[in-house]
Amino acid sequence: MKATALAHPNIALVKYWGKRDEALILPHQSSLSLTLSPMSVTTTVEFGAASDQVELNGHVAKGSERERVLRLLETVRAQSRTALGPARMVSRGDFPMAAGLASSAAGFAALAVAARAAAGLPRDTRAESILARLGSGSACRSVQGGFCEWQRGERADGEDSFAVQRFDVSHWPELRMVVAVVDRGEKDVKSRDGMKHTIETSPYYPAWVKDAEAEVPVARELIARKDLQALGELCERNAWRMHCTSLAADPPLCYLEAGTLGLIQHLREARKKGVPVWFTLDAGPNPVLLTDAAHEVAAEALARACGALDVIRCVPGGDAELKQEHLF
Ligand code: PMV
């Protein structure tokens with residue numbers, strides 16, 4: 001009745017931006033990401049508690065955070081053949097929330113894997129990915145390591161909307177992602193609100209959906225060939241296009257700050273000097289630089305010279321896994 005799982009965050013190379021179903025978290029388009037190490041979230045779930053208890057990083061979870069966890073646990077109870085009762089859940093991340101990394105992705109992936117195991121259900125990456133998706137869309141891509149593709153699916157019940165691993169963690173070990181924290185603050189507009197507002201008011205949104213869907217197989221092909229330059233260029237244009245749809249919303253939604261632009265404008269100069277470095281940007285101000293092992297030190301130096309407050313160097317990460325040691 002008790003299980004513990006560890007999962008890593010992921011950063012999308014082709015972003016997910018917008019839901020066709022808010023309740024089931026079904027996307028308008030497919031997306032593709034890289035799972036990242038060394039950061040991870042570890043989660044222990046035990047069914048049979050006196051009442052539902054949710055603890056995240058040493059705090060009792062409240063509001064929508066708690067609701068999302070309880071909803072996921074409720075889905076596991078419905079899938080299980082035995083009466084499980086209330087659950088205690090404790091989760092701990094080993095990286096700063098202000099890192100600008102989607103900690104919720106690692107968190108919900110670890111929760112999905114741990115909750116199913118605690119309920120006695122067998123490991124099944126498809127079922128785990130669908131379950132993680134109910135907590136946070138991008139979490140469905142953190143159940144497995146390496147490069148994962150979230151296929152949008154067609155069905156109204158979401159049973160065909162989950163992530164599949166295209167290349168495992170060993171495919172491209174020299175690839176690096178360097179997170180440049182230019183602002184440690186919480187973002188003003190959460191992804192889920194930002195994407196909803198964009199769908200409702202941006203005339204560019206349909207163009208984004210069409211373009212992003214078409215970029216997924218292109219990115220897959222470039223990853224297969226390990227073509228860093230072409231993948232870097234694809235990453236940048238996809239990030240720009242996502243941010244453009246939001247800039248065209250009414251009122252406009254701008255996640256970029258002066259520090260964001262300052263850094264990404266320097267990348268062109270760096271490339272001219274022979275440093276292969278490109279950026280991607282989630283719904284926040286902190287760029288994530290894409291480069292290789294031979295240039296990660298140069299990428300970090302560039303980020304710091306452009307005012308980054310913290311820099312986190314990441315390598316490709318592996319699958320979410322069950323652990324023997326529990327958090328309680
Ligand atoms: O899954 P959410 O609600 O954290 O949304 C993630 C959205 C982006 O990070 C901007 C893009 C992505 O694909 O991860």
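The exercises below work through the domains, a sheet, salt bridges and backbone details of a predicted model.

**Exercise 1. Describe how the two domains of the chain meet.**

Step 1. Start with the division of the chain: domain 1 covers 2-169 and domain 2 covers 175-316. Their C-alpha centres lie 23 Å apart. The contact draws on 34 residues from domain 1 and 44 residues from domain 2.

Step 2. Turn to the area. The size of an interface is often given as the accessible area lost when the parts come together. Here domain 1 and domain 2 bury about 3300 Å² between them, and 70% of this is on carbon and sulfur atoms. On the domain 1 side, L13, K15 and W17 supply 27% of the area buried against domain 2, more than any other three residues.

Step 3. Look for polar links. Between the domains there are 2 salt bridges. K15 forms a salt bridge with D282, with 2.7 Å between the closest N and O atoms. There are also 10 residue pairs in polar contact between domain 1 and domain 2.

Step 4. Assign the domain 1 side to its elements. Those giving two or more residues are β2 (10-14), β5 (31-37), β10 (147-150) and β11 (163-167). β5 gives the most, with 6 residues. Sorted by class, this side has 18 nonpolar, 9 polar and 7 charged residues.

**Exercise 2. Work out the strand order and the pairing around β9.**

Step 1. Recall the two ways of pairing. Strands of a sheet pair through backbone hydrogen bonds, either parallel or antiparallel.

Step 2. Write down the order. The open sheet has 6 strands, β8-β7-β9-β6-β1-β16, and its pairing is mixed. The edge strands, β8 (59-60) and β16 (321-323), each pair on one side only.

Step 3. Take the two neighbours of β9 in that order, β7 and β6. Strand β6 (residues 41-47) pairs with β9 (residues 87-93) in the antiparallel sense over 7 bridges. In this pairing V41 stands opposite G93, and T44 stands opposite V90. Strand β7 (residues 53-56) runs parallel to β9 and is joined to it by 4 bridges. Q53 has R88 of β9 as its bridge partner.

**Exercise 3. Find what the salt bridge between D310 and R184 connects.**

Step 1. Side chains of opposite charge can pair when their charged atoms come close. In the whole structure, 23 salt bridges are found.

Step 2. Check the distance. For D310 and R184 it is 2.7 Å from N to O, and the cut-off for a salt bridge is 4 Å.

Step 3. Locate both residues. D310 lies in strand β15 (residues 310-316) and R184 in the loop between β12 (175-181) and α4 (191-201), so the pair ties together parts that are 126 residues apart in sequence.

**Exercise 4. Locate two cis peptide bonds, from S37 to P38 and from D250 to P251, and the positive phi of N57.**

Step 1. Recall the usual case: most residues other than glycine have a negative phi, and most peptide bonds are trans.

Step 2. Place the cis bonds. The bond from S37 to P38 has omega near 10°, and P38 is in the loop between β5 and β6. The bond from D250 to P251 has omega near -5°; P251 is in the loop between α6 (228-247) and α7 (258-272).

Step 3. Place the positive phi. N57 is not a glycine, yet its phi is about 50°. N57 is in the loop between β7 and β8.

Methods:
Residues numbered from 1 in each chain as written. Predicted model: local features only at pLDDT ≥ 70, side-chain atom pairs only at ≥ 80, totals over all residues. Heavy atoms only, no water. Domains from an automatic or database assignment. Contact = heavy atoms within 4.5 Å. Buried area = accessible area lost by both parts, 1.4 Å probe. Salt bridge = Lys/Arg side-chain N within 4 Å of Asp/Glu carboxyl O. Polar contact = N/O pair within 3.5 Å; in protein donor to acceptor, adjacent residues only side chain to side chain. Nonpolar A, V, L, I, M, F, W, Y, C, P; charged D, E, K, R; others polar. Pairing = 2+ DSSP bridges.
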